[in-house]
Amino acid sequence: MLMRAVPLALSAASRDMRGLYRRAKRNTALMVFAGICFATAYLAALVAAGAYLAPVFGAGPAALLIAAAMVVVGALALCVLAILRHRDKRRNARRQAGQRLAAAAAVSVLPQLARSKSLLVAAAIGGLAYMAAQGPGDDDA
């Protein structure tokens, strides 16, 4: 029975992988196309702003005004990014402190569990399940 189920499971998994790859490729192509469209619209808006401001301030000052506005917007975006990174670092530090506290609590209960073999086995299985549920850590902050 098991020997017949393995090929079926493998074929189902490979079909899912092919579909996942196809969807990822399609989504990437559409995102690149949308990005090109947005970049074109952004450049057209900058040209239109320059054409609108050129008769009022002259060509040079209009270009400088647009460049200064873009520098301010970019600086604001970097400030928001710095704030978000700082918040993520604090959140990760709190999460890691909670995990260390939980691990310390589990280790402190271990001597009582060692008296009973069945409780020790259950604790070991629970610990392994917890570690498997955590998955690989993404400490890129």
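User: Is arginine 26 buried, exposed or partly exposed, and what is its relative accessible area?
Analyst: Arginine 26 is partly exposed, with a relative accessible area of 46%. Keep in mind that this is a predicted model.

User: Okay. Where is arginine 26 found?
Analyst: Arginine 26 is found in helix α1, which covers residues 2-57.

User: And which residues form the positive surface patch?
Analyst: Arg18, Arg22, Arg23 and Arg26 form the positive patch on the surface. Residues need over 30% relative accessible area to join a patch. Arginine 26 has 46%, so its accessibility is enough for that.

User: Let's zoom out. How many helices and strands are there in the protein?
Analyst: The protein has 3 helices and 0 strands. Along the sequence, the pattern reads α-α-α.

User: How much of the protein counts as buried?
Analyst: Of its 141 residues, 4% count as buried. Buried here means under 20% relative accessible area.

User: What about the accessible surface of the protein, what does it come to?
Analyst: The accessible surface comes to about 11800 Å². Carbon and sulfur atoms account for 74% of that.

User: New topic. How many salt bridges does the structure hold?
Analyst: The structure holds 1 salt bridge.

User: Which side chains meet in a salt bridge?
Analyst: The side chains of arginine 91 and aspartate 88 do. The distance is 3.8 Å, N to O. The cut-off is 4 Å, so this pair qualifies.

User: How are arginine 91 and aspartate 88 placed in helix α2?
Analyst: Helix α2 spans residues 59-114. Arginine 91 and aspartate 88 are 3 residues apart in helix α2, so about one helical turn separates them.

User: Are those two buried or exposed?
Analyst: In between. Arginine 91 is partly exposed, at 42% relative accessible area. Aspartate 88 is partly exposed too, at 32%.

User: Now the greasy stuff. Which residues form a nonpolar patch on the surface?
Analyst: Tyr42, Leu43, Met70 and Val73 form a nonpolar patch there. Together they have about 370 Å² of accessible area.

User: Which elements give two or more residues to the nonpolar patch?
Analyst: Those elements are α1 and α2. Valine 73, for one, has its place in helix α2.

User: Last thing, cysteines. How many disulfides does a search of the whole structure find?
Analyst: The search finds 0 disulfides.

User: And cysteine 37 and cysteine 79, what is their relative accessibility?
Analyst: Cysteine 37 has a relative accessible area of 38%, so it is partly exposed. Cysteine 79 has 46% and also counts as partly exposed.

Notes: Residues numbered from 1 in each chain as written. Predicted model: local features only at pLDDT ≥ 70, side-chain atom pairs only at ≥ 80, totals over all residues. Heavy atoms only, no water. Patch = residues over 30% accessible without salt bridge, like charges linked within 9 Å, V, L, I, M, F, W, Y side chains within 5 Å. Areas by Shrake-Rupley, 256 points an atom, 1.4 Å probe, with all protein chains shown as cover. Lys, Arg positive; Asp, Glu negative; His and termini not counted. Charge placed at Lys NZ, Arg CZ, Asp CG, Glu CD. Helix = DSSP H or I, 4+ residues; strand = E, 2+ residues; numbered from the N terminus. Buried < 20%, exposed > 50% of the residue type's maximum accessible area, 1.4 Å probe, protein only. Disulfide = S-S within 2.5 Å.
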